[in-house]
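Look at the model below. Follow how its parts meet, one contact at a time.

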Amino acid sequence: MNTEHFATKFNEFADGRDDAVQTLRRRAIDRFRALGFPTRREEEWAYTDVSPIANLTLPLGRPTTNLLASADAQSLGLGRGLVFVDGHFRADLSHVPSGVTFLSLKDALEQNPDLVGARLAKFADAETQPFTALNTAFLEDGAFLHVPKGTRIEEPLYVLYVGTEKSVYPRNLFMIDDGAEATLVEQYVSHGEAAHFTNSVTETIVGANASFVHHRLQTENDHALHVTATHIHQDRDSRLTNSVATVGGRLVRNNLRAALDGEGIVTTLNGVSLTRDAQHVDNHTWLEHRKPHCDSHELYKGILGDQSSSVFSGYIHVFPDAQKTDAKQSSSNLLLSNEAVADSKPQLEIYADDVKCTHGATIGQLDEDALFYLRARGVRAPEARKLLVRAFASEVTNQIEIEPVREHINNLIAERLPDEID
Amino acid sequence: MLKISNLHAGIEDTEILRGINLSIDAGEVHAIMGPNGSGKSTLASVLAGRDQYEVTEGSVDFLGQDLLDMAPDARAHAGLFLAFQYPVEIPGVSNSYFLRAGVNAVREARGLEELDAIDFLKLAKAKAKELDMDEKFLSRAVNEGFSGGEKKRNEIFQMAVLDPKLAVLDETDSGLDIDALRVVADGVNRLRNKDRGFLVITHYQRLLNYIVPDHVHVLHQGRIVKSGGKELALELEEKGYGWVEELAGAAS
């Protein structure tokens, strides 16, 4: 595989830089070269072939000035917030709310190197994860949020990533300190129809008794390649909801790792994906119940049309100390075509003896009886199908409290539903 | 309004309906009675357009249109309504969303303006009240967690809101206690008028004490073997379905 292409790109990128994270980058590119791209022989990548990414020769995203107008950014985003084009912050397109430390990571590193440096790359594993290593090697910009102790941010915060035809490596760091609360919406979209590659890493640190709701919407074009790693570290009594909607992209891999590192934590992981044509979406989650009395709820739903494919792998690790764990995991898939393929793989490793862990996986097709019932009441077949697909997703989408986000996802499901359903 | 002529239909290679002839005029209530396996539910399914059933012979004319040539939704648009024997549960879709989609599709097909959410809710609440239904059910998922009686009442409620020209009730009384049966029958009787036809399919004569039919037909092995007035239902109740065997024997 084409590891050397990325190493060469790195040399061009890193040449002459001597900022605070340069050591981090150098270490990461070495790790990436040693690890190489994952292959399907590795268990965690058995269902996803990353060779379209490994063989990429796209140029690295550079800061832009006149690409995309303010009106475009506003029409692409569900709310006003930080805007990144080709992975780089665009102050002219962004709206930075007052009263909160919410800015580009690059600016944050310059303005407050101690605060950022103390947390950056502490939880994202660049030693063993090749894509995290690659992201860290090209670490330059992304979104930074710091909500100080006891602060509640009322309005949802928005981050918009617009990709064009480059390889980009966004790096996000979200710090929700003890007792703080915030909601953040992270959107990935395309400008144009060209292929582009996004390899993003997000580190989220949620303090004691803090609360964080994080929505991630990926609605890029059908040629986009997208690999993401979200690393979550939760302290005691904290609440975190992570909700991932994947609608665009030719090849998408979402990795999510959550460490429940204190008592009384509640973690909710929701996901919905809609694929058509030859799209492939792979959601891998790892949950570590490290301490007693924590609850996790995981619900992933896939809607698959045409020859598309999806993967859900959910690994739950209950540490010996984590008594009274209550972990619920469920994945279900709706196949709208005979050629679509869904793989679902729950994995539980439980080392404590007084726990509740449940998992369930279902794969099915549209309910013919329900379809006939709707049609017998006058609803035309295409609308009836849309209604049933929307209903299938609603268990996830109804949990989204921000109306524009919820409606956006519902509308995308209706719009992108394949015309032909077997 | 409905004219069924020599209707033959079946599922896969098994013929179930073997030459049904039946005419229903506006304002009439027809009851079809018959034992299990006589083809009652097949007839209802064929009329509503369920595609598992194949029509091999015959025709059905509904208000001047070839019913068998129409999609299930087009049949609803034309004014046909089927109250399901086994109403379907649809998790994730509320009753009001479900029914408003239906009402507006029917209205659109009839050249009427769509009802907005408020007007629809007004109509739905009024009909729910008539059927003694707690209006909270409107926001619950379609039939999910409903008791048998609630599901059947929901069918009658949908019928009242959709305002069909011909309603086919497929064993709506099965499994209901007397109280629930009364509510369902009252709902039907309230909708009886000179313009609307009913085809009431039932296994039990009891329903016909509450919904008094103009005509009763006895179905046996896919054919109507006897037709008469409402007194035929009583005679059938008294003599039992064994009598039907004799009738069928005499008829063939």
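Is the crossing in which H9(A) passes H10(A) left-handed or right-handed? The crossing is right-handed. The model is predicted, so bear that in mind throughout.

**Two helices in chain A**

Two packed helices are described by the angle between their axes and the distance between the axes. For H9(A) and H10(A), the angle is about 145° and the axes are 10 Å apart. H10(A) covers residues 403-416. From H9(A), the contact draws on A:Lys386, A:Val389, A:Arg390, A:Ala393 and A:Thr397. H10(A) brings several residues, including A:Arg406, A:Glu407 and A:Ile413.

**Where chain A meets chain B**

Here 18 residues of chain A are in contact with 31 residues of chain B. Together the chains bury about 2,000 Å², and 65% of that is on carbon and sulfur atoms. A:Phe372, A:Tyr373 and A:Arg377 supply 41% of the area that chain A buries against chain B, more than any other three residues.

A:Arg377 also forms a salt bridge with B:Glu155, with the closest N and O atoms 2.7 Å apart. Across this interface there are four salt bridges. Nine residue pairs are in polar contact there. On the chain A side, H8 (368-376) and H9 (381-397) each supply at least two residues. H8(A) gives the largest share, seven residues.

The table sorts the residues of both contacts by kind.

| Contact | Nonpolar | Polar | Charged |
|---|---|---|---|
| Side of chain A that touches chain B | 10 residues | two residues | six residues |
| H9(A) with H10(A) | five residues | two residues | four residues |

Methods. Residues numbered from 1 in each chain as written. Chains lettered and ligands numbered in written order. Predicted model: local features only at pLDDT ≥ 70, side-chain atom pairs only at ≥ 80, totals over all residues. Heavy atoms only, no water. Contact = heavy atoms within 4.5 Å. Buried area = accessible area lost by both parts, 1.4 Å probe. Salt bridge = Lys/Arg side-chain N within 4 Å of Asp/Glu carboxyl O. Polar contact = N/O pair within 3.5 Å; in protein donor to acceptor, adjacent residues only side chain to side chain. Helix = DSSP H or I, 4+ residues; strand = E, 2+ residues; numbered from the N terminus. Nonpolar A, V, L, I, M, F, W, Y, C, P; charged D, E, K, R; others polar. Axes fitted to C-alpha atoms, helices over the stretch in contact; angles between N-to-C directions. Left-handed = near helix turned anticlockwise from the far one by under 90°.
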